[in-house]
Amino acid sequence: MPELPEVETTVRGLRPVLERQRITLVQTRRGDLRRPFPDDLGQRLTGATVTGLSRRAKYGLIETDRGDTMIFHLGMSGRWRVDPSELLPHDHLILETATQRLALNDPRRFGSVDLLPTESLADFPAFKALGPEPLGPELTVPYLHAKLAGRIASIKLMLLDQRLVAGLGNIYVCEALFAAGISPKRAAGTVSRAKLARLVPAIREVLLAAIDAGGSSLRDYARPDGELGYFSKQFAVYGREGEPCSCGGTVERYAEGGRSTFWCPKCQK
Ligand SMILES: [Zn+2]
C-alpha cells in the first residue's frame, strides 16, 4: 500500500510534468474509484492551469488558477503513469496538457479523487482531525510528550493515530520505533522524554530515506513493468520476521489491531 513516502515521491514526480501547465483534457473512463468522481471534474479542470502540487498526510493536492484543488488518494494500488504509450484497463482518469498525458491507474479502486475550492480545503472530512505532518516543524518532543502523557495505549498504536501525527503508516512506525530503540508494546505515556528525543528525528529519517529511495522522478517511481516503488530491501525490521537484527538478535512479529508489528526485543525497550 502506498504510504507517505510513495505519495511524496508521486507529488515530486508530478510537479515538473504539471506545474504551470494548462490542462487541456480530463477524461474519466468509469464513474468511480472508492467513491464517484466529482460530476463537474472535467468542467472545472479543463482549461485551468496548475499552480502548485503538494501533499497532506497520504493525499496529493493539485491546485489550479481557478481556485480549485484536486485531491487524490492512491488507496491500495493507485499510481500515476506519465505519458503512457497506450492506455491500460485500469487507467481510470486521464489528464492531458499541451505536451503530456497522465493516467491514474488503480486496479483495486480503493483510491479517490475529489475537487474542492482551495479556500475550503480545511473542511475536507479527511483533513479535519489530522495531526501535524511528520516532516513539518510542528512535530516536536514537547508536542508528543504532552499528547502521550498518561496514555496506556501502546506507542505503536498511538503513532498510527492520524490525529496524533498525520500520514504515518504501519511500515514506517515499525521502522521509526526500531531506530529509536523503543518497544512497540510500551505504554505510550511511559516513553521517556529522552526516548522521544530519539523518536522525532527517527520518524523523519526513515521517511526521508524512503523518499530518497523512491527516485527523483515519477518515471522511476512507476516503473514500466507496473511495479510500485516499494522500498522493502531497505527495511531494518519490517517484513523481516525470523531474520537477524543488526545487533545479533532476531526480528520478531506479532499482530495487533489487524496489523503486523515487526521489532527486535533486544534493541527495543
Ligand atoms: Zn536488535
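Trainee: Where is L93 found?
Mentor: In this predicted model, L93 is found in strand β6. That strand covers residues 91–96.

Trainee: Why is L93 called buried?
Mentor: Buried means under 20% relative accessible area. L93 has 0%, so L93 is buried.

Trainee: Which residues is L93 in contact with, neighbours within four places aside?
Mentor: A contact needs heavy atoms within 4.5 Å. By that test L93 touches V26, Q27, T28, F37, L41, M70, W80, L102, A103, L104 and V113.

Trainee: How far apart are L93 and R29, in sequence and in space?
Mentor: They are 64 residues apart in sequence. Their C-alpha atoms are 6.1 Å apart in space.

Trainee: What makes V200 buried?
Mentor: The cut-off is again under 20%. V200 has 5% relative accessibility, so V200 counts as buried. V200 lies in helix α7, residues 193–213.

Trainee: What does V200 contact beyond its neighbours within four places in sequence?
Mentor: L139, T140, V141 and L144. Take T140: V200 and T140 are 60 residues apart along the chain, yet their C-alpha atoms are separated by 6.6 Å.

Trainee: Why is T99 called exposed?
Mentor: Exposed means over 50%. T99 has a relative accessible area of 60%, so T99 is exposed. T99 lies in the loop between β6 and β7.

Trainee: Which contacts does T99 have, leaving aside neighbours within four places?
Mentor: Q21 and D83. G13 gives a distance to set beside them: T99 and G13 are 86 residues apart in sequence and 16 Å apart in space, C-alpha to C-alpha.

Trainee: How do you know whether R12 is buried, exposed or partly exposed?
Mentor: Partly exposed lies between the 20% and 50% cut-offs. R12 has 38% relative accessibility, so R12 counts as partly exposed. R12 sits in helix α1, residues 4–18. R12 and L53 are 41 residues apart in sequence, with C-alpha atoms 8.1 Å apart.

Trainee: What stands out about the phi of R20?
Mentor: Phi of R20 is near 65°. That is a positive value in a residue other than glycine. R20 is in the loop between α1 and β1, the strand at 25–28.

Trainee: What makes R20 exposed?
Mentor: The value must be over 50%. R20 has a relative accessible area of 66%, so R20 is exposed.

Trainee: What is the phi of R109, and where is R109 found?
Mentor: R109 has a positive phi of about 55°, although R109 is not a glycine. R109 is found in the loop between β7 (101–105) and β8 (112–117).

Trainee: Why does R109 count as partly exposed?
Mentor: The class runs between 20% and 50%. R109 has 30% relative accessibility, so R109 counts as partly exposed.

Trainee: How many helices and strands does the whole protein have?
Mentor: Eight helices and 10 strands.

Trainee: And why is the protein called as compact as a globular protein of its length?
Mentor: Set the radius of gyration against the globule rule. The radius is 20 Å, and the rule gives 18 Å for 269 residues. Those values are close, so the description holds. Along the principal axes, the C-alpha trace spans about 55 × 40 × 30 Å.

Trainee: What share of the residues is buried?
Mentor: Buried residues make up 51% of the 269. The accessible surface is about 12300 Å², with 49% of that belonging to carbon and sulfur atoms.

Trainee: What share of contacts between residues at least 6 apart joins residues at least 24 apart?
Mentor: 65% of those contacts in the protein.

Trainee: How far apart are the mean positions of the positive and negative charges?
Mentor: There are 37 positive and 31 negative charges. Their mean positions are 6 Å apart.

Trainee: How confident is the predictor, on average?
Mentor: The mean pLDDT is 91, and 93% of the residues score at least 70. Over residues 216–220, however, pLDDT stays under 50. The model has 11 contacts there beyond four places in sequence. Residues 222–232 also fall below 50, with 24 contacts beyond near neighbours in sequence.

Trainee: Why be cautious where pLDDT is low?
Mentor: Predicted coordinates there should not be read in detail.

Notes:
Residues numbered from 1 in each chain as written. Predicted model: local features only at pLDDT ≥ 70, side-chain atom pairs only at ≥ 80, totals over all residues. Heavy atoms only, no water. Helix = DSSP H or I, 4+ residues; strand = E, 2+ residues; numbered from the N terminus. Rg over C-alpha atoms; globule rule 2.2 N^0.38 Å. Buried < 20%, exposed > 50% of the residue type's maximum accessible area, 1.4 Å probe, protein only. Areas by Shrake-Rupley, 256 points an atom, 1.4 Å probe, with all protein chains shown as cover. Lys, Arg positive; Asp, Glu negative; His and termini not counted. Charge placed at Lys NZ, Arg CZ, Asp CG, Glu CD. pLDDT = per-residue confidence, 0-100.
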